Structure formats: C-alpha cells, structure tokens
Amino acid sequence: MRRALAPAAALALAACDAPQSMLQGGGTAATAIADLWWVMLTGALAVVALVTGLVAYGTWHGRTESGSLRFVYLGGLALPVAALSGLLVYSAGVGRELETATEAAPLRVEVIGHQWWWEVRYPDAGPGAVLANELRVPVGRTVVLELSTADVIHSFWVPALAGKVDMTPGRTARLRLRAESAGTYRGQCAEFCGAQHARMALHVVAESPARFRDWLAGQTRPAAEPEDDLRRAGREAFLAAGCGACHTVRGTDAAGTVGPDLTHVGGRLTIGAGVLPNNIGTIQGWIADSQTIKPGNRMPAFDRLESTELRAIAAWLAGLE
Amino acid sequence: MSAEADRPSLNEVWRAPRGLAVLSEVNNTKVGVWYVLAAFGFFLAGGILALLMRLQLALPLLGVLDHQSYNQIFTMHGTTMMFLFAVPILEGIGVYVVPQMLGARDLPFPRLSAYGFWCYVLGGLLVYSSFLIGQAPDAGWFMYPPLSGSVYSPHMGSDFWLLGLTFVEISALSAAIEITVGVIKFRPPGMTFGRIPVLAWAYLTVAWMIVFAFPPLLVADILLEAERALDWPFFDATRGGDPVLWQHLFWFFGHPEVYIIFLPAAGLISTMLPTFARRPLVGHHYVVAATIATGAISFALWVHHMFAVGLPHLSMSLFSAASMAVAIPSGIQVFAWIATLWGSRPALHAPMLFILGFLFLFVAGGVTGVMVASVPFDWQVHDTHFVVAHFHYVLIGGMVFPLFAAIYYWFPHVTGRLMSEGLARWVFGLVFVGFNLTFFPLHILGLLGMPRRVYTYLPGLGLDWLNLAATVGAFVMAAGVGLLVFDAVRSARTGTPAADNPWGAGTLEWLGPTPQPPKGAASLPRVSSLYPLWMDREEIDLAESGGGYLARAVTGGRETLRTHWRSTAAAQVVALPGPSWLPLLAAIGTGAAFTGLLFKSAPPTLAGAALAALALALWAWDTDTVPVPARPEIGHGERVPSHLDTIGSHAWWGGVVAMLIDLSAYAALAGSYVYLWVVSAAWPPPALAGALPHGAIAGGAVLLAAVAAAGIIAPVALRRGGSAAAALALGVAVALATAVGAGGALTLLNSALAPTAHAYAAVVWALGVYGAAHLLVAALISALALLRLAAGSAGRGRGMVVRLAALAWAYAAATGLASLALVAAGGG
C-alpha cells in the first residue's frame, strides 16, 4: 500500500524538505500512524471517486426513472458499515499498540511546557540534568515522556516520532516514543498557548546509546570554568546584570527558575525555542533585543548593556557546552 | 361567503409599518430576511478576517500582522463564522421559510423572533466593538482556560467573548422555541408527521439540539466569566478546579454545533434537489430518520475533540466508534440524493451548480472526517492544518454551498426577481476553484507538520509554496463572493421578474404569488402529500383562490391556524401579535445589562435589566387575549375556538420548551459539580467538610416542597375558586420562596464556604445562585400574574399566566431540591 502510493505522495510530500512531516517515519509510533494514513487515503480516494462518478454518470446518462432505494441500502448503509467497521478495528488496534507497547526499563524524561519554551529534565540522571527546548534520546529504546505544564495548556508534538499529547495544568500525561533511526527531529507546540505559540519549537536528537550516555553525563556536570578573560568577563557581566534572577547556571550563583537553565546552553541547537540558530552572534542579539525577535516573550530586552558586555556574555554562554 | 370582498383586510393586518417604524415589525417574512442580511454581513466581515490571515501566512516570517493582531483575528474569524454567521443565517432561513413551508402565516411567537434577532445583532456588534478598543478576544474561539482566564488574558477580550456571545445566543434559544412549537403545532390540516417536509424535520431536529447543546455552553461561559470577574476557581487546577471541565462543556456544545449547522443545510439540499430533478426525494423517510439519527449521535462525539488530552483508552474507543458511525446517516442522505438525481438530467440552474459542488466537497470533507475519528491518526493531525482543511470542506462545502444555492433559489420568493444565471456560473467557478485552491493544500500542510493558530512559520519546513497557493485561492474565492453580492444587490432592483413558483417546486412556501406578500397565500390549504404543489393541485387552486382556511381575518387581526399535533385537524385560530417596539426595547435593555457587566459597572447593568424586565412585562401583559368571536368560522364550514386555556395551547408548549432549555442548563451545572467531585482527590476538601449543617439542608428541602405545592395549586385554585384563590396560592409561594432564599443566603454566607477558596465552594455557591435566580424568576412571573388577576386581564378561563407561574415554581423547587440532594450526597 505504502509502496504503491509512495511515488504520488513523493511529489507533494517529499519533493520539498519537510523536517516536521509526520510521514517521514523517524519513530515507531509515527510509522504505524503513517501506515494507517496511507490505508485511509486509499479508501477515501475510492469513496470520493465512487460518489463523484455516480453523480456525474447517474445524472446525465439518460432520462430514466429515479434510482431505487437500493442505492440507499447499498451505498448509504452497507458500504459505510463495512468500511467503517474494518477501519475501526484496525485503528483501535494501532492505538492500543502505541499506548501499551513497553519495555522493562524505559528512559524517563520530564517535559514541562512554559509560555513559550520547553523545560526538559532527566529525573533518573539526578537533579542536575535540566535543559531547554531540546531533548536527546537513544535510538531503539522506548522513552516515556512525562508531560506537564507550568502555566497554560501546551501540546507536545514531534511529528516524525509520535502523535501529540496535551500538557494540562493539574495533570501529568505520558507519551511513549521510540526513535528508529538517528537524526534530528523538529517539533512544536500544537495547542494554542498565547502570544508566541507559533514560535515554540523544540528538537529531539536521536543518537546511539553510547553517545547518548556520554551526553547525559555531561549534562549533569556544572558549567565549565571560563577559559579566557573574555568569558570570565562574560560570567561577571551575566551575574552583575541580574540574569541569575531568572536563569540557572549550575556552578555559579545564578539559580533562577523562571527561564531556561543555561548550564549547557552552548551545546544546544537553537535559542529562543527554535527561533534562531545557536551561536555567539544570535545569543548577543537575543539578549539585547529578544522582544523584537520574539515579541511578548517573558525576557526583557537588555539593550542597556554595553556592547562589550553583551559580547562577553554571549561568548561565555556559547562556550557552555 | 364574500372572501373576495374581505381580502383587503387580510392585506391590511399583515402590512408592515412604513419608514423607520418597519423596525417594529415582528412578522417572520421581515425578521427572517433581516436575519439573513445581518448574518451575511458578518460572513463578509469574517471573510475579510480570513483574507488578512491568509495574507500574513502567504510567505514565511511575513509581517503583515503582528502576533497580537493575528491571534485576535483568528479568534474572531472562528467566532464570527460559527456564532454570528452560520447559526444565525440558518435561523433566519428557518424563520423565513419554515412557516411558509407549513402553510402557516407566521411562527407561534413573532415578538420572540424579533427579540432574538435584535439580541443577535446587538450582541454581534458588541463583540465586534472590542476591535475598537483594541481588546478583541484572542484566546481562540474555543477559549480554553487557563489561557482565557484572568491571569493569562488580563485584558477584556475574553469578557467580550463570554458575555457578548451569551447575549447573542438568546437568539438561538428563541429560534429553538419558535421552531419546535411551530413545526409541531402550526402545520396545515392533512400534514401528518409523514408529510412534514425534510427541511422542517431538519429544523425541528436542530431546535432540539439547540435545546440540549447551547445551555451547557452558556453555563460554561458564565462559570468562566465568574472565574475571571469574581475569582471563583471552577477551572483552576491549583484550587480544586479542572481546565478539562471547560473542554467537556465546550465540546458538548461544540460538536452538536457542527451538525446544527449541517443538518439544515442538508435539509436545504433535500428541498431544492427534487425541484430540479422534477421528482420526489427518493427515500424521504430514510432521510428524515438519518437527520434525526445524526442529531442524536452528534451528542456522543464531543470527546473526539479531546483525543490528545490523554483520556482513558476505552472511552476514546467508544467516541471514535461514534464519530465514525455518524458517517452512516450522512451516507444515507448522500445516496438518497444520488438516487433522486439518477437519470433526471437536471437543468443546471444556479442552485443546481452549488448543489453539485456541495455533493463533491461534502463527501471530500466527510472522508477526512472519518480519518480524524481514528484516535491514533488524530494524535498526529489534531490541531494542525489538516483539521483546518477537513472542517472547511464540511462547513463551506457542506453549509455555504447549500446556502448559496438557497440564496439563488429563494431570492425570487423574497424580491420577485431572479438573479443572473450568467454571473452565477462565474460565481460558482470562482468560489469552487478558489475554495479548493485554498483548502486542499492545507491537508498537505497539516501532514507536513504545520500546526493551527500560528501567526507565522519558518522557511525550510517545506510549507512555503502550499501556503502561497492557499492565499491565492482565498482571494479567488473572495472574488466569487464579491460577485455574488454584486449580483444580489443589482438583481434585487433590476433582475428579471420571476414567474409564480419560478422553479416549479412542490413545497408549500411557493403557494400564492411570487414574490409573496406579507400575509402569505390568499388562504391556507389542506394537504395530502409531501409535494402539495405537485400532487394536491385541486386543494392548492382552492387555497390560492381564497377557498381554503382563514381567507379573511376572522379575529380581526393577524392570526394563523393551529392544528392537533397528531390528527392535524384544525384546533384553534391563534391570534398573533402585530408590530411592536417592545422586542427591540427588551433587546436594548438586555444589551445594556450585558455591556454593564462587561465594564463591571452597576448603573447600566441595573438600568438595562430594568428596561428589559419592563418591556417583557408589558409584552406579557396583553398575551392570552380572548378575541371576538370566540368560535369563528375558519373556512370549509369549520368552527374552532380562537382562545384556549389548556395545555394544548402553543403558549403552554412554548413555556415547556423554555423549561427544557433551562433544565439542560441545570444539568450542565449539576454535571459540573459531579465531574469535579469525580476527578478530585477529596470532595469536599477536608477544610470545607461539613460546612453546611444538615439541618439547614433538610429545612430548605421542606420549604421548597411547600413552595412547589403552593405554586402547583394556583391554577387549580383559579379553576375552582377564582382569582382570589389563585392569588392567595401565588402569594403563599412568593412568601415561602422569600424564606427559602433568605435562609439559603444566610446559611451560605455564615458557612466556611468562601467561593474563591476552592472549586467545591464555588460550585456550591453557583448552585445556590442558580436556585435563587429561579425563585426570583418564578416570583416575578407570579407578580405579573397577581397584577393581571387584580386588573382582570387574567382570571378563570384566561389563566395561562397562572399556569406558567405554576410551571416556574415547580421547576425552581425541583432543581432546588436536586441541588440540596447533590450537596448532601457530596458530603456538604
């Protein structure tokens, strides 16, 4: 089925690079749902063709008596009952499999939605393993995400890996996913959550278990000591400007919890929840004027800082890998 | 009999006032057209908002709109199209066409129609006025808390939405009462249940759906507004509330809403299609059954909007099955239409083009509807542009296309002129091509991972070209709509004059001359088939020449015929009210009260409420009149009463339907109590356990039972003992109710239940407020009854107001007792 339709679909879906497509099959759940989609699409096309054909042919094939009630029995009753029963059984089977598939020791990851960024924690790796807008998972291992929110309703959705689950106040929802192949998968918030709902993206990096283990070990460590004067100055300026009121950088006095933990911010793919690539220049620009880049976000603009200070802070943060 | 000579008097009584005074008209032929025009105006406004959104999304990272404006605009687009366009325009068509199709001269409560219309227009303008102060609602048309709450939406946008739409929805509830009573009671002799046209069945079904679906939304609106304004935490998870409660209440309304929009549209198709196929609808009874089944099943689907919430698997499977099952009655209708068209070679007049377009688009939207009913697939496409594509196919394809067909079809009925067939081809082509160019790409955008309600997107996600195509399509479609408006305005004055019954239809609304004068046909017919104009020619000719029922104004004013609901024998000449300013005044008062609440200002709230109450009291003052003669001759040698003081009367049934609406609101409130009880860990929270003494609950119950008894006795007392006895019973009820109200208020105020502390306390207070409000309403109706008894405008044989007061007392006492039982059972 999938093979048969793939060429036609390729035209529309794969001709352009679509890193957020639900049909690219990066995860077990997404692949099962993509299969379901291709089956349903085939059936849907058949139904639309049948009805359109009947209307076009039936209406103009010649002047006759009207059609009999057999149309209603066959087309209106028998056909949908048969097709829908089959689909219901198939679809419920897929759903149950996705919800119950399990393995002995899944990896637990907590994701907490904030307006408008994602807090990510690895509770089994200790209290230090906290990052933002990015999570890494080992290929081939089931991951159980524990999804909650710090403010309004968000919805966690990385289409290439699995369907979405809402993050509702007062509840912790669970989502199982398993990456089948290494890669970087983009996702974004799917439940309207206010001003910058459109700019609340995240990335899931799936990598080999060994690399993942190393990476996670690195995340639990405090921030590295600055290696040069510029970065030392950056750390001083960061603390002097009061950034620690909102941000945590483990290993320094900055211990705020309002904004993302920046202990290893330099190692992340993007800043601002997928708004900009991560480098010294974009970090500097973000600090100076995040309200232009992502209007309404909770971080005030720090355009009062000298450009040398901005440059130093950005250099320090970018070095925190 | 000199019907011919008296006919001018019929024209006289139905003539609309001239000049500005036309706004006091209450007749369905005027109010229905106003509804359609106003709703079309909101359709154009909502369409302009859509064009702005498509401009912003034409390319990645555009700056046509900032995020603030975009969020306001998508919220208002959805709100407009659902609440201010789709439902009202179908109400308007129902108000205009349904009575005509039943051979009635008007709906049962013309002033209620007018009041509903004015509430709708003023409410819609109130919601739109939020743009003027830059505080339009921006939390989405679904208003999920906590985003819509006072913490995350401190501006007035949510208040405009919650209060404005509550005001607007008075119109839907009014229409539900009108149409229920109208279809059941105002049919012509001979129109048994088997001969009711599909469209009337569709409206009857929808009226019942409104009765059960809209009140939960209104309750949800009021609870959320109470949370915003008074800090009563119904939806606040930190204080025992649950944001998911809102989702249940909203979608319990929201899913039936979709079918409230679709079923009348399907009824329009079932009405027009046989006309162009020149043959009866195949499988009429199946289509009627499918209509009713759709309405029933639609109440079992709401959770399919919540598959991503993380609910238990079994309940999702059941809702998934129901969501797929609802495709079956739609399939029955589609194949009944195909069978009707089969071999008919219909002439492709303008309405027929849109009917064919509808068939294709509705099926295309239906199959994606089945897809999203699949739980795992919905986990992927929920809240993406795939869903946007799906519901625009079913709503535009399934409702706007039939609506456009209906505009072409009934345009001559209203104006006496035909719209341009040549331009219609352009309109259809532009709208059909533009629609598909806009919405087909959105399916793919959803699959590629584009969520809904995003004001922009990044380049490099493969979304660029499809978005650009959709934007181009939107403007093509807009050009088609613009052309339709142009043609309608032009044709109303200079279009080709239409012959009588220009399409050769078989249904009764085409009885008499085209365009139809306000009075309708010369006289009312007897019918013996589904298509009287095709099959009952003799009776129709008789009626058109004035030989049917009510060829003259036998009561001296506006009137129509009520028949027995089952036998359809003529049962009563119902005297109907003529033009009146009271509905408009009542709506202005209601609007002022809502505006006052919106700005949290007491003087306009109280003044508005007083104006509305006064207008409604004056309106109620001269109802239940006894016209002279009491048993007029109505034609065909029959005599029926012109006044009835029994439960067979339309007034009593209007009261009963209003009570059902209220009961559905109560069920939503009581259901909220039970829901919060079930989901909470401790109910009541330990600190509030035992806050209400059992003695007080028991005492309240005894008093309420006494209130009910005194109220129910009143009509009996009127019959047996006369006005004084009835007045005594009502007076006792008022006194007892005052005691209950005061006792209840004191108990709550002196208890530990601070409504801001916990959702438990808030919902107990809400039940208390509901009870007090209903005792007050019953007391006000009783006050009116007492005044009328004293003035002699009510009395033995003229006691409907006393009967309705009894209904109000019984209802207030019954719901009050239920609330006390809930509180007692819940550990209060």
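Trainee: In what order do the 5 strands of the open sheet in chain A run?

Mentor: Bear in mind that this is a predicted model. As general background, strands of a sheet pair through backbone hydrogen bonds, either parallel or antiparallel. Here the order is β3-β2-β1-β5-β8 in chain A, and the pairing is mixed.

Trainee: Which strands stand at the edges?

Mentor: In chain A, those are β3 (130-132) and β8 (173-177). Each has a single partner strand, so one side of each is left without a neighbour in the sheet. As for the twist, it averages 25° from one strand to the next.

Trainee: Take β2 and β3 of chain A: do they pair in the parallel or antiparallel sense?

Mentor: Antiparallel: β2(A), residues 117-121, pairs with β3(A) over 3 bridges. If you want a spot to look at, find A:E119, whose bridge partner in β3(A) is A:A132.

Trainee: On to chain B. How do α2 and α4 cross?

Mentor: The general idea first: two packed helices are described by the angle between their axes and the distance between the axes. For α2(B), residues 28-57, and α4(B), residues 110-128, the axes come within 10 Å and cross at roughly 20°. That makes α2(B) roughly parallel to α4(B), and their crossing is left-handed.

Trainee: And which residues of α2(B) and α4(B) meet there?

Mentor: On the α2(B) side, look for B:W34, B:Y35, B:F42 and B:L49, among others. They belong to a set that meets residues of α4(B) including B:F117, B:W118, B:V121 and B:L125. By class, this contact of α2(B) with α4(B) has 15 nonpolar, 4 polar and no charged residues.

Notes:
Residues are numbered from 1 along each chain as its sequence is written. Chains are lettered from A and ligands numbered from 1 in the order in which they are written. This is a predicted model: local features need pLDDT of at least 70, side-chain atom pairs count only at pLDDT 80 or more; totals for chains, interfaces and linings use all residues. Side-chain values use heavy atoms; hydrogens and water are left out. Two strands pair if DSSP finds at least two bridges between them. Helices (H or I, at least four residues) and strands (E, at least two) are DSSP runs, numbered from the N terminus. Axes are lines fitted to C-alpha atoms, for helices over the stretch in contact, and angles run from 0 to 180 degrees between N-to-C directions. Angles under 35 degrees count as roughly parallel, over 145 as roughly antiparallel, 65 to 115 as roughly perpendicular and the rest as oblique. A crossing is left-handed if the near helix is turned anticlockwise from the far one by less than a right angle, and right-handed if clockwise. Contact means heavy atoms within 4.5 Å. Ala, Val, Leu, Ile, Met, Phe, Trp, Tyr, Cys and Pro count as nonpolar, Asp, Glu, Lys and Arg as charged, and the others, Gly among them, as polar.
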